[in-house]
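This report describes the empty spaces in the structure below, followed by a sheet and the helices that lie across it. A loop residue serves as the point of entry.

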Number of protein chains: 2
Amino acid sequence: MLTFVGLGLWDEKDVSFRGYEAVKNADKVYVEFYTSMLMANVEKLSEFFNREIKILERKDLEEESWKIIDEASKLNVVILTPGDPMVATTHSALRLEAERKGIKTKIVHGASIVSAVCGLTGLHNYRFGKSATVSYPYKNVISKTPIDTVEKNWEIDAHTLLYLDLHPKPMSVNEALEILLKLKNVENAFAVGLARVGSDNPVVKCNKIGKLISEDFGPPLHVLVVLAKTLHFMEFECLKEFADAPDDLKELVR
Amino acid sequence: MLTFVGLGLWDEKDVSFRGYEAVKNADKVYVEFYTSMLMANVEKLSEFFNREIKILERKDLEEESWKIIDEASKLNVVILTPGDPMVATTHSALRLEAERKGIKTKIVHGASIVSAVCGLTGLHNYRFGKSATVSYPYKNVISKTPIDTVEKNWEIDAHTLLYLDLHPKPMSVNEALEILLKLKNVENAFAVGLARVGSDNPVVKCNKIGKLISEDFGPPLHVLVVLAKTLHFMEFECLKEFADAPDDLKELVR
(Lines give C-alpha, C1' and ligand atoms only; values in the text may rest on other atoms or scores of the structure.)
Protein backbone atom coordinates (compact mmCIF):
# COMPACT_ATOMS: atom_id res chain seq x y z
CA MET A 1 0.00 0.00 0.00
CA LEU A 2 1.11 3.55 -0.76
CA THR A 3 -0.12 6.31 1.56
CA PHE A 4 0.46 10.00 0.94
CA VAL A 5 0.41 12.03 4.15
CA GLY A 6 0.12 15.83 4.04
CA LEU A 7 2.32 17.65 6.54
CA GLY A 8 0.49 20.95 6.32
CA LEU A 9 2.07 24.37 6.13
CA TRP A 10 4.70 25.10 8.72
CA ASP A 11 6.50 22.45 10.76
CA GLU A 12 6.17 18.91 12.18
CA LYS A 13 3.29 19.98 14.43
CA ASP A 14 1.02 20.54 11.44
CA VAL A 15 0.53 16.85 10.75
CA SER A 16 -2.84 15.44 11.82
CA PHE A 17 -3.35 12.61 14.30
CA ARG A 18 -4.56 10.51 11.33
CA GLY A 19 -1.29 11.22 9.53
CA TYR A 20 0.75 10.43 12.63
CA GLU A 21 -1.00 7.07 12.92
CA ALA A 22 -0.27 6.27 9.28
CA VAL A 23 3.44 6.95 9.86
CA LYS A 24 3.45 4.76 12.98
CA ASN A 25 1.88 1.86 11.06
CA ALA A 26 4.17 2.16 8.02
CA ASP A 27 7.00 -0.20 7.13
CA LYS A 28 8.91 2.50 5.27
CA VAL A 29 8.63 6.29 5.53
CA TYR A 30 9.82 8.84 2.97
CA VAL A 31 9.55 12.60 2.76
CA GLU A 32 9.83 14.87 -0.25
CA PHE A 33 10.65 18.57 -0.19
CA TYR A 34 10.82 18.93 -3.93
CA THR A 35 7.28 20.16 -4.61
CA SER A 36 7.20 22.47 -1.60
CA MET A 37 9.06 23.18 1.64
CA LEU A 38 8.55 23.12 5.37
CA MET A 39 10.35 24.60 8.36
CA ALA A 40 10.93 21.06 9.62
CA ASN A 41 13.88 19.21 8.13
CA VAL A 42 14.21 15.44 7.94
CA GLU A 43 16.04 15.23 11.30
CA LYS A 44 13.26 17.11 13.08
CA LEU A 45 10.64 14.92 11.42
CA SER A 46 12.50 11.70 12.29
CA GLU A 47 12.66 12.81 15.89
CA PHE A 48 9.00 13.83 16.00
CA PHE A 49 7.77 10.54 14.53
CA ASN A 50 10.57 8.59 16.21
CA ARG A 51 11.25 6.78 12.93
CA GLU A 52 13.84 6.62 10.20
CA ILE A 53 12.70 8.84 7.34
CA LYS A 54 14.44 9.07 3.98
CA ILE A 55 14.36 12.05 1.63
CA LEU A 56 13.07 11.50 -1.89
CA GLU A 57 14.74 13.58 -4.58
CA ARG A 58 13.12 14.59 -7.84
CA LYS A 59 14.50 11.56 -9.69
CA ASP A 60 13.09 9.20 -7.04
CA LEU A 61 9.65 10.65 -7.72
CA GLU A 62 9.98 10.74 -11.49
CA GLU A 63 12.42 8.61 -13.55
CA GLU A 64 13.04 6.09 -10.76
CA SER A 65 9.54 6.00 -9.34
CA TRP A 66 9.36 2.25 -10.10
CA LYS A 67 11.54 1.65 -7.02
CA ILE A 68 8.94 3.08 -4.64
CA ILE A 69 6.13 1.36 -6.54
CA ASP A 70 7.94 -1.94 -6.25
CA GLU A 71 8.41 -1.44 -2.52
CA ALA A 72 4.75 -0.44 -2.05
CA SER A 73 3.67 -3.70 -3.71
CA LYS A 74 5.13 -5.57 -0.72
CA LEU A 75 5.18 -3.10 2.17
CA ASN A 76 3.18 -0.26 3.73
CA VAL A 77 4.96 2.78 2.33
CA VAL A 78 4.22 6.32 3.49
CA ILE A 79 5.32 9.41 1.58
CA LEU A 80 5.21 12.61 3.62
CA THR A 81 4.70 15.80 1.64
CA PRO A 82 4.41 19.46 2.63
CA GLY A 83 0.88 20.92 2.35
CA ASP A 84 -1.88 18.69 1.00
CA PRO A 85 -0.52 15.75 -1.02
CA MET A 86 -1.43 15.48 -4.67
CA VAL A 87 -1.91 19.15 -5.32
CA ALA A 88 1.46 18.63 -7.02
CA THR A 89 1.03 16.66 -10.24
CA THR A 90 4.16 14.62 -9.45
CA HIS A 91 2.16 12.88 -6.71
CA SER A 92 -0.81 12.14 -8.96
CA ALA A 93 1.54 10.51 -11.47
CA LEU A 94 2.98 8.29 -8.76
CA ARG A 95 -0.46 7.38 -7.45
CA LEU A 96 -1.61 6.55 -10.98
CA GLU A 97 1.36 4.26 -11.51
CA ALA A 98 0.62 2.46 -8.23
CA GLU A 99 -3.12 2.01 -8.84
CA ARG A 100 -2.46 0.66 -12.33
CA LYS A 101 -0.28 -2.04 -10.78
CA GLY A 102 -3.10 -2.92 -8.38
CA ILE A 103 -1.44 -1.31 -5.36
CA LYS A 104 -3.90 0.31 -2.98
CA THR A 105 -3.30 4.03 -2.38
CA LYS A 106 -4.58 6.37 0.29
CA ILE A 107 -4.37 10.10 0.95
CA VAL A 108 -4.26 11.70 4.39
CA HIS A 109 -5.03 15.32 3.65
CA GLY A 110 -3.16 18.26 5.15
CA ALA A 111 -3.64 22.01 5.26
CA SER A 112 -2.83 23.70 1.96
CA ILE A 113 -1.88 27.19 0.87
CA VAL A 114 -4.89 27.00 -1.48
CA SER A 115 -7.35 27.46 1.38
CA ALA A 116 -5.03 29.15 3.89
CA VAL A 117 -4.80 32.35 1.81
CA CYS A 118 -8.55 32.87 2.22
CA GLY A 119 -8.33 32.86 6.00
CA LEU A 120 -5.35 35.17 6.16
CA THR A 121 -6.59 37.72 3.63
CA GLY A 122 -10.36 37.51 4.14
CA LEU A 123 -10.72 37.05 0.38
CA HIS A 124 -13.67 34.87 -0.53
CA ASN A 125 -12.70 31.40 -1.60
CA TYR A 126 -15.37 31.21 -4.30
CA ARG A 127 -13.92 34.30 -6.01
CA PHE A 128 -10.54 32.75 -6.84
CA GLY A 129 -10.01 31.76 -10.46
CA LYS A 130 -7.20 29.69 -11.96
CA SER A 131 -3.82 29.72 -10.27
CA ALA A 132 -0.32 29.72 -11.77
CA THR A 133 3.37 29.72 -10.84
CA VAL A 134 5.78 32.62 -11.29
CA SER A 135 8.99 30.95 -12.47
CA TYR A 136 12.53 32.29 -12.70
CA PRO A 137 13.47 33.18 -16.29
CA TYR A 138 14.76 30.13 -18.17
CA LYS A 139 17.52 30.93 -20.68
CA ASN A 140 16.52 34.59 -20.32
CA VAL A 141 12.93 33.88 -21.31
CA ILE A 142 10.16 34.73 -18.85
CA SER A 143 7.10 32.48 -18.93
CA LYS A 144 3.96 34.50 -19.70
CA THR A 145 1.68 32.02 -17.94
CA PRO A 146 1.20 34.02 -14.70
CA ILE A 147 0.16 37.23 -16.44
CA ASP A 148 -2.03 35.33 -18.94
CA THR A 149 -3.75 33.63 -16.01
CA VAL A 150 -4.28 36.95 -14.19
CA GLU A 151 -5.81 38.46 -17.35
CA LYS A 152 -8.09 35.47 -17.93
CA ASN A 153 -9.23 35.70 -14.33
CA TRP A 154 -9.86 39.43 -14.71
CA GLU A 155 -12.23 38.57 -17.57
CA ILE A 156 -14.41 36.66 -15.12
CA ASP A 157 -13.66 39.02 -12.20
CA ALA A 158 -11.66 36.49 -10.20
CA HIS A 159 -8.62 36.68 -7.91
CA THR A 160 -5.41 34.87 -8.92
CA LEU A 161 -3.28 32.86 -6.54
CA LEU A 162 0.33 32.82 -7.76
CA TYR A 163 2.76 30.26 -6.40
CA LEU A 164 6.38 31.35 -6.46
CA ASP A 165 9.24 29.27 -7.87
CA LEU A 166 11.20 27.27 -5.28
CA HIS A 167 14.25 26.34 -7.33
CA PRO A 168 17.12 27.10 -7.08
CA LYS A 169 15.86 29.12 -4.09
CA PRO A 170 12.42 30.29 -2.88
CA MET A 171 11.37 33.38 -4.83
CA SER A 172 10.32 36.47 -2.87
CA VAL A 173 7.14 38.47 -3.47
CA ASN A 174 9.38 41.32 -4.62
CA GLU A 175 11.15 39.19 -7.25
CA ALA A 176 7.80 37.84 -8.44
CA LEU A 177 6.35 41.34 -8.83
CA GLU A 178 9.44 42.44 -10.76
CA ILE A 179 8.90 39.55 -13.18
CA LEU A 180 5.20 40.41 -13.58
CA LEU A 181 6.08 44.05 -14.32
CA LYS A 182 8.50 42.95 -17.04
CA LEU A 183 5.63 41.08 -18.71
CA LYS A 184 3.05 43.82 -18.44
CA ASN A 185 2.47 47.24 -16.94
CA VAL A 186 0.34 46.17 -13.99
CA GLU A 187 1.76 48.70 -11.48
CA ASN A 188 -1.69 49.98 -10.61
CA ALA A 189 -3.31 46.60 -10.07
CA PHE A 190 -3.76 45.60 -6.43
CA ALA A 191 -2.09 42.50 -5.02
CA VAL A 192 -1.55 40.83 -1.65
CA GLY A 193 1.81 39.40 -0.63
CA LEU A 194 1.91 36.70 2.04
CA ALA A 195 4.91 35.31 3.90
CA ARG A 196 5.30 32.37 6.27
CA VAL A 197 1.69 31.17 6.01
CA GLY A 198 0.97 28.63 8.75
CA SER A 199 3.43 30.14 11.23
CA ASP A 200 2.44 32.04 14.36
CA ASN A 201 3.33 35.34 12.73
CA PRO A 202 2.50 35.35 9.02
CA VAL A 203 2.95 38.63 7.15
CA VAL A 204 0.09 39.78 4.90
CA LYS A 205 0.31 43.06 2.97
CA CYS A 206 -1.94 44.55 0.32
CA ASN A 207 -1.16 47.44 -2.01
CA LYS A 208 -0.82 48.45 -5.64
CA ILE A 209 1.87 46.31 -7.28
CA GLY A 210 4.04 49.39 -7.88
CA LYS A 211 4.12 50.03 -4.13
CA LEU A 212 3.99 46.46 -2.83
CA ILE A 213 7.26 45.78 -4.64
CA SER A 214 9.22 47.84 -2.09
CA GLU A 215 7.72 46.17 1.01
CA ASP A 216 9.86 43.83 3.09
CA PHE A 217 8.24 40.41 3.61
CA GLY A 218 11.11 38.79 5.50
CA PRO A 219 12.20 35.14 5.15
CA PRO A 220 10.45 32.60 2.85
CA LEU A 221 8.09 31.04 1.86
CA HIS A 222 6.19 33.75 0.04
CA VAL A 223 3.04 33.60 -2.05
CA LEU A 224 1.11 36.21 -4.02
CA VAL A 225 -2.51 37.03 -4.84
CA VAL A 226 -3.40 39.43 -7.64
CA LEU A 227 -6.84 40.83 -6.87
CA ALA A 228 -9.83 40.74 -9.18
CA LYS A 229 -10.99 44.05 -10.67
CA THR A 230 -13.73 44.29 -8.04
CA LEU A 231 -14.04 43.44 -4.36
CA HIS A 232 -16.91 42.47 -2.09
CA PHE A 233 -17.10 45.11 0.67
CA MET A 234 -16.24 42.47 3.29
CA GLU A 235 -13.12 41.56 1.34
CA PHE A 236 -12.13 45.23 1.39
CA GLU A 237 -12.78 45.56 5.13
CA CYS A 238 -10.73 42.44 5.84
CA LEU A 239 -7.80 43.54 3.65
CA LYS A 240 -7.77 46.89 5.41
CA GLU A 241 -7.62 45.24 8.81
CA PHE A 242 -5.57 42.09 8.09
CA ALA A 243 -3.30 43.33 5.30
CA ASP A 244 -2.86 47.05 6.00
CA ALA A 245 -4.47 47.90 2.65
CA PRO A 246 -4.51 51.59 1.64
CA ASP A 247 -7.80 53.53 1.49
CA ASP A 248 -7.76 53.75 -2.31
CA LEU A 249 -8.44 50.01 -2.45
CA LYS A 250 -12.02 51.05 -1.72
CA GLU A 251 -12.41 52.03 -5.40
CA LEU A 252 -12.68 48.33 -6.20
CA VAL A 253 -15.72 47.71 -3.99
CA ARG A 254 -18.91 46.95 -5.94
CA MET B 1 -7.16 36.09 22.08
CA LEU B 2 -9.35 34.36 19.52
CA THR B 3 -7.93 31.28 17.77
CA PHE B 4 -9.65 29.49 14.93
CA VAL B 5 -8.63 25.84 14.67
CA GLY B 6 -9.41 23.82 11.56
CA LEU B 7 -10.56 20.26 12.24
CA GLY B 8 -9.96 18.98 8.70
CA LEU B 9 -12.25 16.76 6.71
CA TRP B 10 -13.45 13.66 8.46
CA ASP B 11 -13.35 13.15 12.25
CA GLU B 12 -11.51 14.18 15.41
CA LYS B 13 -8.28 12.56 14.20
CA ASP B 14 -7.92 15.13 11.43
CA VAL B 15 -6.88 17.92 13.77
CA SER B 16 -3.17 18.77 13.73
CA PHE B 17 -0.84 18.61 16.73
CA ARG B 18 -0.67 22.41 16.55
CA GLY B 19 -4.46 22.58 16.76
CA TYR B 20 -4.53 20.10 19.65
CA GLU B 21 -2.05 22.26 21.56
CA ALA B 22 -4.18 25.36 20.99
CA VAL B 23 -7.20 23.57 22.45
CA LYS B 24 -5.20 22.40 25.46
CA ASN B 25 -4.03 25.97 26.17
CA ALA B 26 -7.47 27.57 25.75
CA ASP B 27 -9.69 28.88 28.52
CA LYS B 28 -12.86 28.28 26.53
CA VAL B 29 -13.47 25.97 23.56
CA TYR B 30 -16.32 26.18 21.07
CA VAL B 31 -17.14 24.23 17.94
CA GLU B 32 -19.37 25.20 15.05
CA PHE B 33 -21.01 22.81 12.59
CA TYR B 34 -23.00 25.46 10.81
CA THR B 35 -20.65 26.20 7.91
CA SER B 36 -19.76 22.54 7.34
CA MET B 37 -20.00 19.15 9.03
CA LEU B 38 -17.78 16.41 10.41
CA MET B 39 -18.27 12.79 11.35
CA ALA B 40 -17.28 13.70 14.92
CA ASN B 41 -20.01 15.18 17.11
CA VAL B 42 -19.39 17.41 20.11
CA GLU B 43 -19.31 14.46 22.55
CA LYS B 44 -16.61 12.71 20.53
CA LEU B 45 -14.60 15.91 20.30
CA SER B 46 -14.94 16.61 24.05
CA GLU B 47 -13.69 13.13 24.78
CA PHE B 48 -10.80 13.41 22.31
CA PHE B 49 -9.60 16.76 23.67
CA ASN B 50 -10.67 15.87 27.21
CA ARG B 51 -12.33 19.28 27.56
CA GLU B 52 -15.77 20.82 27.73
CA ILE B 53 -16.71 22.05 24.26
CA LYS B 54 -19.82 24.09 23.49
CA ILE B 55 -21.61 24.20 20.15
CA LEU B 56 -22.04 27.58 18.47
CA GLU B 57 -25.24 28.04 16.51
CA ARG B 58 -25.67 30.40 13.58
CA LYS B 59 -26.93 33.22 15.81
CA ASP B 60 -23.88 32.90 18.10
CA LEU B 61 -21.67 33.46 15.07
CA GLU B 62 -23.74 36.26 13.58
CA GLU B 63 -26.22 38.47 15.50
CA GLU B 64 -24.79 37.58 18.91
CA SER B 65 -21.13 37.42 17.94
CA TRP B 66 -20.37 40.22 20.45
CA LYS B 67 -20.63 37.63 23.22
CA ILE B 68 -17.66 35.62 21.91
CA ILE B 69 -15.74 38.80 21.12
CA ASP B 70 -16.29 40.02 24.65
CA GLU B 71 -15.07 36.72 26.07
CA ALA B 72 -12.02 36.71 23.77
CA SER B 73 -11.05 40.15 25.11
CA LYS B 74 -10.41 38.55 28.50
CA LEU B 75 -9.73 34.86 27.83
CA ASN B 76 -8.03 32.55 25.34
CA VAL B 77 -10.96 31.42 23.23
CA VAL B 78 -10.70 28.66 20.61
CA ILE B 79 -13.32 28.08 17.93
CA LEU B 80 -13.09 24.68 16.26
CA THR B 81 -14.39 24.51 12.70
CA PRO B 82 -14.62 21.71 10.16
CA GLY B 83 -12.16 22.00 7.25
CA ASP B 84 -9.89 25.03 7.11
CA PRO B 85 -11.22 27.95 9.16
CA MET B 86 -12.10 31.16 7.40
CA VAL B 87 -12.95 29.68 4.07
CA ALA B 88 -16.47 30.43 5.33
CA THR B 89 -17.11 34.18 5.30
CA THR B 90 -18.85 33.95 8.68
CA HIS B 91 -15.44 33.32 10.25
CA SER B 92 -13.79 36.26 8.49
CA ALA B 93 -16.53 38.55 9.79
CA LEU B 94 -15.92 37.36 13.34
CA ARG B 95 -12.15 37.73 12.97
CA LEU B 96 -12.62 41.24 11.60
CA GLU B 97 -14.80 42.22 14.56
CA ALA B 98 -12.17 40.92 16.98
CA GLU B 99 -9.18 42.61 15.32
CA ARG B 100 -11.04 45.91 15.20
CA LYS B 101 -11.45 45.71 18.97
CA GLY B 102 -7.72 45.08 19.33
CA ILE B 103 -8.11 41.38 20.14
CA LYS B 104 -5.33 39.23 18.72
CA THR B 105 -6.52 36.47 16.40
CA LYS B 106 -4.77 33.37 15.09
CA ILE B 107 -5.60 30.67 12.58
CA VAL B 108 -4.48 27.05 12.85
CA HIS B 109 -5.11 25.73 9.36
CA GLY B 110 -6.74 22.39 8.60
CA ALA B 111 -7.24 20.26 5.50
CA SER B 112 -9.90 21.65 3.18
CA ILE B 113 -12.11 20.22 0.47
CA VAL B 114 -10.64 22.94 -1.80
CA SER B 115 -7.33 21.09 -2.10
CA ALA B 116 -8.54 17.57 -1.28
CA VAL B 117 -10.55 17.27 -4.51
CA CYS B 118 -7.32 17.62 -6.51
CA GLY B 119 -5.72 14.65 -4.82
CA LEU B 120 -8.75 12.41 -5.14
CA THR B 121 -9.54 13.22 -8.76
CA GLY B 122 -6.08 13.90 -10.15
CA LEU B 123 -7.42 17.18 -11.55
CA HIS B 124 -4.79 19.91 -11.63
CA ASN B 125 -5.23 22.49 -8.91
CA TYR B 126 -4.20 25.37 -11.17
CA ARG B 127 -7.02 24.53 -13.61
CA PHE B 128 -9.86 25.21 -11.17
CA GLY B 129 -11.79 28.45 -11.69
CA LYS B 130 -14.31 30.09 -9.38
CA SER B 131 -16.39 27.90 -7.11
CA ALA B 132 -20.05 28.15 -6.10
CA THR B 133 -22.72 26.50 -3.96
CA VAL B 134 -25.70 24.55 -5.27
CA SER B 135 -28.54 25.60 -2.97
CA TYR B 136 -31.97 24.10 -2.44
CA PRO B 137 -34.70 26.12 -4.20
CA TYR B 138 -35.90 29.00 -2.02
CA LYS B 139 -39.61 29.79 -2.42
CA ASN B 140 -39.53 27.65 -5.55
CA VAL B 141 -36.79 29.75 -7.11
CA ILE B 142 -33.51 28.06 -8.03
CA SER B 143 -30.39 30.20 -7.77
CA LYS B 144 -28.62 30.44 -11.13
CA THR B 145 -25.21 31.10 -9.53
CA PRO B 146 -23.82 27.57 -9.94
CA ILE B 147 -24.57 27.32 -13.65
CA ASP B 148 -23.42 30.91 -14.27
CA THR B 149 -20.15 30.07 -12.54
CA VAL B 150 -19.69 26.89 -14.60
CA GLU B 151 -20.28 28.84 -17.81
CA LYS B 152 -17.86 31.62 -16.82
CA ASN B 153 -15.26 28.99 -16.00
CA TRP B 154 -15.87 27.29 -19.34
CA GLU B 155 -14.99 30.61 -21.01
CA ILE B 156 -11.50 30.38 -19.51
CA ASP B 157 -11.38 26.57 -19.77
CA ALA B 158 -11.48 25.95 -16.00
CA HIS B 159 -13.01 23.29 -13.77
CA THR B 160 -15.72 24.29 -11.28
CA LEU B 161 -15.89 23.05 -7.71
CA LEU B 162 -19.49 23.08 -6.50
CA TYR B 163 -20.25 22.90 -2.80
CA LEU B 164 -23.62 21.39 -1.97
CA ASP B 165 -26.16 22.94 0.40
CA LEU B 166 -26.09 21.58 3.96
CA HIS B 167 -29.40 22.92 5.26
CA PRO B 168 -31.89 21.55 6.14
CA LYS B 169 -29.94 18.39 5.22
CA PRO B 170 -26.76 17.66 3.22
CA MET B 171 -27.58 17.67 -0.51
CA SER B 172 -26.55 14.63 -2.57
CA VAL B 173 -24.66 14.77 -5.87
CA ASN B 174 -27.85 13.44 -7.49
CA GLU B 175 -30.02 16.24 -6.13
CA ALA B 176 -27.41 18.81 -7.16
CA LEU B 177 -27.28 17.46 -10.72
CA GLU B 178 -31.06 17.52 -10.93
CA ILE B 179 -31.00 21.21 -9.96
CA LEU B 180 -28.29 21.98 -12.55
CA LEU B 181 -30.32 20.22 -15.26
CA LYS B 182 -33.36 22.33 -14.42
CA LEU B 183 -31.25 25.44 -15.02
CA LYS B 184 -29.64 24.32 -18.25
CA ASN B 185 -29.32 21.34 -20.55
CA VAL B 186 -25.86 20.21 -19.47
CA GLU B 187 -26.52 16.46 -19.71
CA ASN B 188 -23.54 15.94 -21.95
CA ALA B 189 -21.04 17.87 -19.86
CA PHE B 190 -18.69 15.77 -17.78
CA ALA B 191 -18.66 16.00 -13.99
CA VAL B 192 -17.08 14.22 -11.02
CA GLY B 193 -19.08 13.39 -7.91
CA LEU B 194 -17.21 12.85 -4.65
CA ALA B 195 -18.51 11.44 -1.37
CA ARG B 196 -16.96 11.21 2.09
CA VAL B 197 -13.74 13.02 1.22
CA GLY B 198 -11.18 12.56 4.00
CA SER B 199 -12.49 9.14 5.03
CA ASP B 200 -10.66 5.86 4.41
CA ASN B 201 -13.05 5.01 1.59
CA PRO B 202 -14.07 8.06 -0.38
CA VAL B 203 -16.18 7.51 -3.51
CA VAL B 204 -15.12 9.33 -6.68
CA LYS B 205 -17.06 8.87 -9.94
CA CYS B 206 -16.78 10.64 -13.27
CA ASN B 207 -19.27 10.59 -16.12
CA LYS B 208 -21.52 12.74 -18.27
CA ILE B 209 -24.02 14.54 -16.03
CA GLY B 210 -26.93 12.68 -17.65
CA LYS B 211 -25.39 9.38 -16.53
CA LEU B 212 -23.75 10.47 -13.28
CA ILE B 213 -27.19 11.41 -11.97
CA SER B 214 -28.16 7.75 -11.57
CA GLU B 215 -25.02 6.70 -9.68
CA ASP B 216 -25.25 5.89 -5.97
CA PHE B 217 -22.76 7.87 -3.87
CA GLY B 218 -23.89 6.60 -0.47
CA PRO B 219 -24.03 8.70 2.73
CA PRO B 220 -22.97 12.40 2.92
CA LEU B 221 -21.04 14.67 2.59
CA HIS B 222 -21.01 15.01 -1.18
CA VAL B 223 -19.29 17.51 -3.43
CA LEU B 224 -19.26 18.04 -7.18
CA VAL B 225 -16.80 19.13 -9.88
CA VAL B 226 -17.99 20.15 -13.34
CA LEU B 227 -15.09 19.63 -15.72
CA ALA B 228 -13.62 22.23 -18.03
CA LYS B 229 -14.18 21.76 -21.76
CA THR B 230 -10.69 20.30 -22.13
CA LEU B 231 -8.49 18.01 -20.06
CA HIS B 232 -4.75 17.56 -19.71
CA PHE B 233 -3.96 13.95 -20.67
CA MET B 234 -2.76 13.21 -17.13
CA GLU B 235 -6.09 14.45 -15.77
CA PHE B 236 -7.84 12.05 -18.13
CA GLU B 237 -5.62 9.13 -17.12
CA CYS B 238 -6.21 9.85 -13.43
CA LEU B 239 -10.00 10.16 -13.82
CA LYS B 240 -10.06 6.85 -15.67
CA GLU B 241 -8.15 5.13 -12.88
CA PHE B 242 -9.42 6.97 -9.78
CA ALA B 243 -12.99 7.83 -10.85
CA ASP B 244 -13.96 5.05 -13.23
CA ALA B 245 -14.40 7.56 -16.07
CA PRO B 246 -15.78 6.22 -19.39
CA ASP B 247 -13.58 6.06 -22.50
CA ASP B 248 -15.47 8.88 -24.25
CA LEU B 249 -14.00 11.32 -21.72
CA LYS B 250 -10.89 11.06 -23.90
CA GLU B 251 -12.54 13.44 -26.41
CA LEU B 252 -11.74 16.27 -23.99
CA VAL B 253 -7.98 15.69 -24.01
CA ARG B 254 -6.02 18.47 -25.76
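## A loop residue and its contacts

In this predicted model, leaving aside residues up to four places away in sequence, Asp157(B) touches Lys130(A), Arg127(B), Ala228(B), Lys229(B) and Thr230(B). Asp157(B) is located in the loop between helix 7 and strand 7 of chain B. With Thr230(B) there is also a polar contact of 2.6 Å between the side chains.

## Pockets

The largest pocket has a volume of about 1600 Å³. It is lined by 46 residues, of which Thr35(B), Ala88(B), Thr133(B), Tyr163(B) and Leu166(B) are the closest to its centre. At least two lining residues come from each of helix 5 (89-100), strand 6 (132-134), helix 7 (145-155), strand 7 (160-164) and strand 10 (222-226) of chain B. Helix 7 of chain B contributes the most, with four residues.

The second largest pocket holds about 1300 Å³ of space. Its lining also comprises 46 residues, and those closest to the centre are Thr35(A), Thr133(A), Tyr163(A), Leu164(A) and Leu166(A). Two or more lining residues are given by each of helix 5 (89-100), helix 6 (113-121), strand 6 (132-134), helix 7 (145-155), strand 7 (160-164) and strand 10 (222-226) of chain A. Here the largest share, four residues, belongs to helix 7 of chain A.

## Cavities

The structure contains four cavities of 30 Å³ or more. In the largest cavity there is about 220 Å³ of space. Of the 16 residues in its lining, Val114(A), Phe128(A), Val114(B), Phe128(B) and Gly129(B) are the closest to the centre. Helix 6 and strand 7 of chain A, together with helix 6 (113-121) and strand 7 of chain B, each give two or more residues to this lining.

For the second largest cavity the volume is about 70 Å³. Its lining from chain A consists of Asp14(A), Val15(A), Ser16(A), His109(A), Gly110(A) and Ala111(A), while chain B supplies Asp14(B), Ser16(B), His109(B), Gly110(B) and Ala111(B).

The table sets out the linings by residue class.

| Space | Nonpolar | Polar | Charged |
|---|---|---|---|
| Largest pocket | 19 residues | 18 residues | nine residues |
| Second largest pocket | 22 residues | 15 residues | nine residues |
| Largest cavity | ten residues | six residues | no residues |
| Second largest cavity | three residues | six residues | two residues |

## A parallel sheet in chain A

In chain A, five strands make up an open sheet with parallel pairing, in the order 3-2-4-1-5. Strand 3 (54-56) and strand 5 (105-108) of chain A are the edge strands, each pairing on one side only. On average, and with direction ignored, neighbouring strands of this sheet are turned by 25° against each other.

Strand 2 (residues 28-32) of chain A pairs with strand 3 of chain A in the parallel sense, over three bridges. Opposite Tyr30(A) stands Lys54(A), in strand 3 of chain A.

Two helices of chain A lie across strands of this chain. Helix 4 (residues 65-72) of chain A lies across strand 1 (2-6), strand 2, strand 3 and strand 4 (77-81) of chain A, and runs at about 135° to strand 4 of chain A. Helix 5 of chain A lies across strand 1, strand 2, strand 4 and strand 5 of chain A, with an angle of about 160° to strand 1 of chain A.

Definitions and conventions:
Residues are numbered from 1 along each chain as its sequence is written. Chains are lettered from A and ligands numbered from 1 in the order in which they are written. This is a predicted model: local features need pLDDT of at least 70, side-chain atom pairs count only at pLDDT 80 or more; totals for chains, interfaces and linings use all residues. Side-chain values use heavy atoms; hydrogens and water are left out. On a 1 Å grid over the protein atoms alone, a cavity is a set of points where a 1.4 Å probe fits but cannot get out, and a pocket is an open set with protein on both sides within 12 Å along at least five of seven lines; lining residues have an atom within 4 Å of a point. Grid points are joined across faces, edges and corners, and a volume is the space filled by probe spheres set on the points. Ala, Val, Leu, Ile, Met, Phe, Trp, Tyr, Cys and Pro count as nonpolar, Asp, Glu, Lys and Arg as charged, and the others, Gly among them, as polar. Two strands pair if DSSP finds at least two bridges between them. Axes are lines fitted to C-alpha atoms, for helices over the stretch in contact, and angles run from 0 to 180 degrees between N-to-C directions. Contact means heavy atoms within 4.5 Å. A polar contact is a pair of N or O atoms within 3.5 Å; within protein, one must be able to donate a hydrogen and the other to accept it, and residues adjacent in sequence count only if both atoms are side-chain atoms.
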